[in-house]
Amino acid sequence: MDYRAKISLVREQIARSCERFGRQPNDVMVIGVTKYVGVEETRSLIEAGIDQLGENRVQTAFPKISQITEPVSWHFIGSLQTNKVKDVLPYFAWIHSLDRLSLAKELQKQADKHERTATCLIQVNVSGEQAKSGLSFEEVAPFLKELSGFDRVQVKGLMTMAPLVKDAEDVRPVFRKLRELRDFLLDSHPELIHLSMGMSGDFTVAVEEGATMVRLGSILVKP
Ligand SMILES: *Cc1c(COP(=O)(O)O)cnc(C)c1O
């Protein structure tokens, strides 16, 4: 199947999930995760209609970013080392993995240097799996409070990675909890409009539970 066919299949599935839950398909951003493929495939994916691209590592991102001239937005979706912020920030429109104060400090510093804002999502470890990064549920509100002094760090929502499961229904509670946390925080933080959740195996469930960004790799780009 070519990229166009894959994209329209994914968009159809998103539309169906939206319909069931009274949502608008246009409110769901598809981020094509290109970490598995090189420059040529990434370019084909862009030509087929994807203009939001995700990468989880600096090393796999840069060869593409340096060679792709099309007007796309890059999303940094992996864990971010503090010493890599200065390399990442100039090229990425979104950081999905803000999870500690030291990282926020560096983002503030580098954003200040470039006279821009760092648009971020806070990564939350909803499932509590030890191997996963992200703040625990209870840590999110205090963290947001600590960030209020960082005028260049703009938090636009929450992100989570669900555990890998065979049946996506099993992770529905994870997505639901993230949305409930966001809804709870909305009163004091109306800027939290985004929920980045859902990958190839579980994005329809994530959309049903309120995802505004789905991060799709294998379903789009794996042969
Ligand atoms: C790789 C990756 C994805 C995409 O995963 P697929 O299952 O291939 O769609 C999404 N989010 C993050 C953080 C990733 O590292």
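**Loops, helices and cores**

Trainee: Let's start with Glu70: is this residue buried, exposed or partly exposed?

Mentor: Keep in mind that we're looking at a predicted model. Glu70 has a relative accessible area of 25%. Buried means under 20% and exposed means over 50%, so with 25% Glu70 comes out as partly exposed.

Trainee: And where is Glu70, and which residues does it contact beyond its neighbours within four places in sequence?

Mentor: Look at the loop between helix H3 (58-67) and strand E3 (73-76), and you'll find Glu70 there. Gln52 is 18 residues from Glu70 in sequence, and their C-alpha atoms are 11 Å apart in space. Once neighbours within four places are set aside, the contacts of Glu70 are Arg43 and Ile46.

Trainee: Moving to another loop, how far apart are the C-alpha atoms of His114 and Asp2?

Mentor: His114 is in the loop between helix H5 (101-113) and strand E5 (118-123). With a relative accessibility of 40%, His114 counts as partly exposed. Along the chain, His114 and Asp2 are 112 residues apart, and the C-alpha separation is 39 Å.

Trainee: What is the relative accessibility of Glu115?

Mentor: Glu115 is also placed in the loop between H5 and E5. Its phi is near 50 degrees, a positive value in a residue other than glycine. Glu115 counts as exposed, and exposed means over 50%; the value for Glu115 is 67%.

Trainee: Now the helices: how do H6 and H7 lie relative to each other?

Mentor: Helix H6 (residues 137-147) packs on helix H7 (residues 172-186) with axes 11 Å apart and an angle of about 30 degrees. The crossing of H6 past H7 is right-handed. Angles under 35 degrees fall in the parallel class, so H6 and H7 are roughly parallel.

Trainee: Which residues make that contact, and how many of them are charged?

Mentor: H6 brings Phe137, Val140, Ala141 and Leu144, while H7 brings Lys177, Leu178, Leu181 and Leu185. By class, there are seven nonpolar residues and no polar ones in the contact of H6 with H7, and the charged count is one.

Trainee: Is Arg182, in H7, buried or exposed?

Mentor: Arg182 is placed in helix H7. Leaving out neighbours within four places, its contacts are Leu158, Leu192, Ile193, His194 and Leu195. Its relative accessible area is 11%, so Arg182 is buried.

Trainee: How about H1 and H2: what is their orientation to each other?

Mentor: Helix H1 (residues 3-20) and helix H2 (residues 39-47) have axes 9 Å apart, at an angle of about 55 degrees. That angle is therefore neither under 35 degrees nor in the 65 to 115 range, which makes H1, relative to H2, oblique.

Trainee: And how many charged residues are in the contact of H1 with H2?

Mentor: This crossing is right-handed. Tyr3, Arg4 and Ile7 of H1 meet Glu41, Ser44, Leu45 and Glu47 of H2. By class, the contact has three nonpolar residues and one polar residue, and the charged ones number three.

Trainee: Last one: how many residues does the largest nonpolar core have?

Mentor: The members touching the most others are Ile14, Leu98, Leu107, Ile122, Val214 and Leu220. Beyond its neighbours within four places, Leu220 has contacts including Tyr3, Ile7, Val10 and Leu45. Another core of five residues lies apart, with Ile31, Trp94, Leu121 and Met213 among them. As for the largest core, the number of residues is 66.

Conventions: Residues are numbered from 1 along each chain as its sequence is written. This is a predicted model: local features need pLDDT of at least 70, side-chain atom pairs count only at pLDDT 80 or more; totals for chains, interfaces and linings use all residues. Side-chain values use heavy atoms; hydrogens and water are left out. Axes are lines fitted to C-alpha atoms, for helices over the stretch in contact, and angles run from 0 to 180 degrees between N-to-C directions. Helices (H or I, at least four residues) and strands (E, at least two) are DSSP runs, numbered from the N terminus. Angles under 35 degrees count as roughly parallel, over 145 as roughly antiparallel, 65 to 115 as roughly perpendicular and the rest as oblique. A crossing is left-handed if the near helix is turned anticlockwise from the far one by less than a right angle, and right-handed if clockwise. Contact means heavy atoms within 4.5 Å. Ala, Val, Leu, Ile, Met, Phe, Trp, Tyr, Cys and Pro count as nonpolar, Asp, Glu, Lys and Arg as charged, and the others, Gly among them, as polar. A nonpolar core is a set of buried Ala, Val, Leu, Ile, Met, Phe, Trp, Tyr and Cys residues joined through side-chain atoms within 4.5 Å. Buried means under 20% relative accessible area, exposed over 50%, partly exposed in between (1.4 Å probe, protein chains only).
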